[in-house]
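Subject: Structure handover and notes

Hello,

Here is the structure you asked for, with notes on what was found in it. Please keep it open while you read.

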Amino acid sequence: MIIQRKEYLDKLIAFKDKKLIKVISGIRRCGKSTLLKIYQKWLMEQGIQEEQIISINFEDMDFEELTDYKKLYSYLKERLVSGKMTYIFMDEIQHVEMFPKVVDSLYVRNDVDICITGSNAWMLSSEIATMISGRYVQIEMLPLSFKEYMESTGSMDDRGVKYTEYLVNSSFPYTVELKGQPDEIRDYLESLYNTIVVKDIVSRKKITDVMMLKSVLRFVFDNIGNPLSSKKIADTMTSDGRKIDTKTVEKYLEALTESYIIYQAKRYNIKGKQYLRTLEKYYVVDIGLRYMLLGSRQMDAGHILENVVYLELLRRRYDVYVGKVDSMEVDFVAQNSRGTWYYQVALSVRDEKTLERELRPLMAIRDHYPKTILTLDDDPEAQYDGIRRINARDWLLGLTDH
């Protein structure tokens with residue numbers, strides 16, 4: 001089954017033939033390779049000839065020798081179609097050492113449209129980004145949104161049941177084909193997890209203590225939505241008998257975020273309009289991975305909903321921060337070129353004290369940007385002094401604005 005990732009496809013179409021390198025980044029198996037196939041099919045439907053499309057996946061043994069950047073450049077140059085645009089797709093390009101040299105050399109030509117993918121943020125680290133600075137547009141890809149998951153099942157009904165399925169069965173596209181078979185889904189996620197940890201992190205970062213790396217990851221998975229610092233993680237793990245220093249934790253956290261398995265949300269002082277340097281929060285790219293690693297015993301439904309909302313805000317192309325207002329916290333401050341939005345996330349606010357607690361920080365904000373409380377309560381939308389309370393599933397499905 002091919003799931004049409006329309007949002008991402010539309011971005012590629014919008015940048016077709018533009019003098020920009022298209023860089024698609026995201027965790028392994030989130031759908032990058034499939035997106036390239038969908039886009040290539042679309043190009044051919046627009047009249048682009050097959051000979052005008054060059055597609056290479058560097059995890060395919062057939063192309064292993066092309067991980068030498070000089071051989072890769074020669075291979076591509078020989079296949080350029082004279083007098084027509086040639087569309088070049090290079091999947092998992094991080095396997096090619098010095099790949100920016102190849103991309104840069106092709107970029108200067110007017111008859112080449114380049115699209116590359118990678119499963120590690122390292123490929124756009126400062127050194128590499130400098131080499132292709134101002135010449136690329138990044139399309140950050142995530143596993144399926146709740147809306148995409150619902151659409152993939154062929155029905156938009158039973159939102160409550162499917163929301164639970166979405167969490168437990170995972171948002172990785174291939175798990176949809178496993179049709180809710182728990183053992184098969186678990187085996188798939190375990191294999192994916194080990195590949196990310198061993199292939200993308202341990203080998204690249206030359207980490208010798210794999211068990212300690214996995215312990216740090218488990219700790220973060222177990223504390224999604226909680227304020228964390230590398231010192232707090234190191235102190236807690238050391239007191240539990242797993243001695244680790246702060247610098248090692250920082251190194252591991254950097255590697256884990258670069259592989260897109262976790263995301264860091266920094267804190268933002270709303271009144272002072274300052275970004276804060278301490279006690280960030282972390283969220284996991286897929287709740288199914290968390291279930292696979294920790295089991296349902298560690299299920300904190302409130303923080304899990306918060307995690308889902310955080311990822312959805314990223315999909316909607318916001319910069320997302322944890323808000324601080326006086327001594328209180330706003331779950332998310334979402335910013336983009338069009339403005340700022342504030343979100344509180346709670347499982348339920350039917351209890352008056354809970355509602356009051358969620359409203360208090362929003363009411364303390366003196367600007368006029370929109371403020372929303374997202375809950376799983378199946379109640380009609382309500383407003384409290386301009387603060388909206390809406391159903392989180394409706395919001396995830398795009399049935400309400402913002």
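How many bridges join β3 to strand β4, and do they run parallel or antiparallel? β3 and β4 (residues 112-118) run parallel and are joined by 5 bridges.

Before the rest, a word on the source. This is a predicted model, in which local features need pLDDT of at least 70 and side-chain atom pairs count only at pLDDT 80 or more, while totals for chains, interfaces and linings use all residues. Residues are numbered from 1 along each chain as its sequence is written, and side-chain values use heavy atoms, with hydrogens and water left out.

Strands around β3

Helices (H or I, at least four residues) and strands (E, at least two) are DSSP runs, numbered from the N terminus. Two strands pair if DSSP finds at least two bridges between them. In the pairing of β3 with β4, Phe89 stands opposite Cys115 in β4. Between these two strands the chain passes through helix α4 (residues 99-107), in a right-handed β-α-β crossover. Right-handed here means that, with the strands pointing away from the viewer, the path from the first strand over the helix to the second runs clockwise.

β3 also pairs with β2, again in the parallel sense and over 5 bridges. Asn57 stands opposite Asp91 in β3. The chain gets from β2 to β3 through helix α3 (residues 69-78), and this β-α-β crossover is right-handed.

Strand β3 (residues 86-91) is mostly covered, with 6 of its 6 residues buried. Buried means under 20% relative accessible area, exposed means over 50%, and partly exposed lies in between (1.4 Å probe, protein chains only). In a regular strand the side chains alternate between the two faces of the sheet. In β3 both faces are covered: Thr86, Ile88 and Met90 are buried on one side, and Tyr87, Phe89 and Asp91 on the other.

The 8-strand sheet

An open sheet of 8 strands with mixed pairing has the order β7-β6-β8-β9-β10-β11-β13-β12. β7 and β12 (382-384) stand at the edges with a single partner strand each, so one side of each has no neighbour in the sheet. From one strand to the next the twist averages 35 degrees, with axes fitted as lines to C-alpha atoms (for helices over the stretch in contact) and angles running from 0 to 180 degrees between N-to-C directions.

β6 and β7 run antiparallel and are joined by 7 bridges. Tyr263 stands opposite Tyr283 in β7. Leu279 lies in strand β7 and has a positive phi of about 50 degrees although it is not a glycine. Leu279 is partly exposed, at a relative accessible area of 35%.

Asp385, in the loop between β12 and β13 (387-391), also has a positive phi, near 50 degrees. Asp385 is exposed, with a relative accessible area of 74%.

Pockets and a cavity

On a 1 Å grid over the protein atoms alone, a cavity is a set of points where a 1.4 Å probe fits but cannot get out, and a pocket is an open set with protein on both sides within 12 Å along at least five of seven lines; lining residues have an atom within 4 Å of a point. Grid points are joined across faces, edges and corners, and a volume is the space filled by probe spheres set on the points.

The largest pocket holds about 1,100 Å³ of space. It is lined by 39 residues, of which Glu140, Tyr263, Gln264, Tyr310 and Leu314 are the closest to its centre. Its lining has 21 nonpolar, 6 polar and 12 charged residues. Ala, Val, Leu, Ile, Met, Phe, Trp, Tyr, Cys and Pro count as nonpolar, Asp, Glu, Lys and Arg as charged, and the others, Gly among them, as polar.

The second largest pocket holds about 480 Å³. Of its 22 lining residues, Gly31, Lys32, Ser33, Thr34 and Lys37 are the closest to its centre. α2 gives the most to this lining, with 6 residues.

There is 1 cavity of 30 Å³ or more, with about 80 Å³ of space. Tyr166, Ser171, Asp286 and Arg315 are among the residues that line the largest cavity. α14 supplies the largest share of that lining, 3 residues.

Regards
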